[in-house]
Amino acid sequence: MSVKGLKIGLDFHGVINDRPGYFARFTRTAIRKGYEIHVITGGPLELVRQTLDQWKVAYTEIFAILDYYDAHGEVKYFENGEYKIPDKLWDTAKAEYCAVNGINVHIDDSS
């Protein structure tokens, strides 16, 4: 693998949102060098997208667990606005996304 084809995954909550100025500079530089930036997050997609754009954080793709599993009928919503995705799906979603999409390195605040 050449460095030019590097694919970087970044978590939103606990990573990008902790240092948005830093990640705005980092992601713009990385994309300019030919790297891919995949924001891999719990979601929701549209709110994350709006926030990234507001902070000028560049990205190639966004993967939001909530939106992905909602589209597959795996999310249970409650009257109070909360939701539940089966733990096994939630706990493996980022790793599976990285494997399927050939992410070389993923930066996350949790294991």
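**Aromatic pairs, a charged patch and two backbone exceptions**

Phe63, Tyr68, Tyr69 and Tyr97 form one aromatic cluster. The model is a predicted one. Start at this cluster, then look for the other ring contacts. Across the whole structure, a search finds eight aromatic pairs. The pair of Tyr22 and Phe23 is edge-to-face, because the ring centres are 5.0 Å apart and the planes stand at 85°. An angle over 60 degrees counts as edge-to-face. The two partners differ in exposure. Phe23 is buried, since its relative accessible area is 9%, and the limit for buried is under 20%. Tyr22 is partly exposed, with a relative accessible area of 37%.

Now turn to Tyr77 and Tyr83, another of the aromatic pairs. Their ring centres lie 6.4 Å from each other, and the planes make an angle of 55°. This pair is tilted, because 55° falls between the limits of 30 degrees for stacked and 60 for edge-to-face. What is the exposure of Tyr77? Tyr77 is partly exposed, at a relative accessible area of 45%. Tyr83 is also partly exposed, at 34%.

Next comes charge. Which residues form the positive surface patch? Arg19, Arg25, Arg28 and Arg32 belong to this patch, along with Lys33 and Lys56. Take Lys56 as the example. Lys56 sits in the loop between helix H2 (45-55) and strand E3 (61-64). Is Lys56 buried or exposed? Lys56 is exposed, because its relative accessible area is 57% and exposed means over 50%. Patch residues need over 30% relative accessible area, so the 57% of Lys56 meets that requirement.

Stay with Lys56 and look at its backbone. Most residues other than glycine have a negative phi. Lys56 has a positive phi of about 60°, although it is not a glycine. The residue with this phi lies in the loop between H2 and E3. Lys56 thus joins two features: membership of the positive patch and a positive phi.

A second backbone feature lies on the other side of H2. Most peptide bonds are trans. Which form does the bond from Gly43 to Pro44 take, cis or trans? The Gly43 to Pro44 bond is cis, and its omega is near 5°. Pro44 is found in the loop between strand E2 (36-41) and H2. To follow both features along the chain, begin at Pro44 in the loop between E2 and H2. Then pass through H2 to Lys56, in the loop between H2 and E3.

Methods. Residues are numbered from 1 along each chain as its sequence is written. This is a predicted model: local features need pLDDT of at least 70, side-chain atom pairs count only at pLDDT 80 or more; totals for chains, interfaces and linings use all residues. Side-chain values use heavy atoms; hydrogens and water are left out. Patches are made of residues with over 30% relative accessible area and no salt bridge: like charges are joined within 9 Å, nonpolar side chains (Val, Leu, Ile, Met, Phe, Trp, Tyr) within 5 Å. Accessible areas come from the Shrake-Rupley method with a 1.4 Å probe; for residues, only the protein chains shown count as cover. A salt bridge is a side-chain nitrogen of Lys or Arg within 4 Å of a carboxyl oxygen of Asp or Glu. Lys and Arg count as positive and Asp and Glu as negative; His and the chain ends are not counted. The place of a charge is taken as NZ of Lys, CZ of Arg, CG of Asp or CD of Glu. Helices (H or I, at least four residues) and strands (E, at least two) are DSSP runs, numbered from the N terminus. Buried means under 20% relative accessible area, exposed over 50%, partly exposed in between (1.4 Å probe, protein chains only). Rings of Phe, Tyr and Trp (its six-membered ring) pair if their centres lie within 6.5 Å; planes under 30 degrees apart count as stacked, over 60 as edge-to-face and the rest as tilted.
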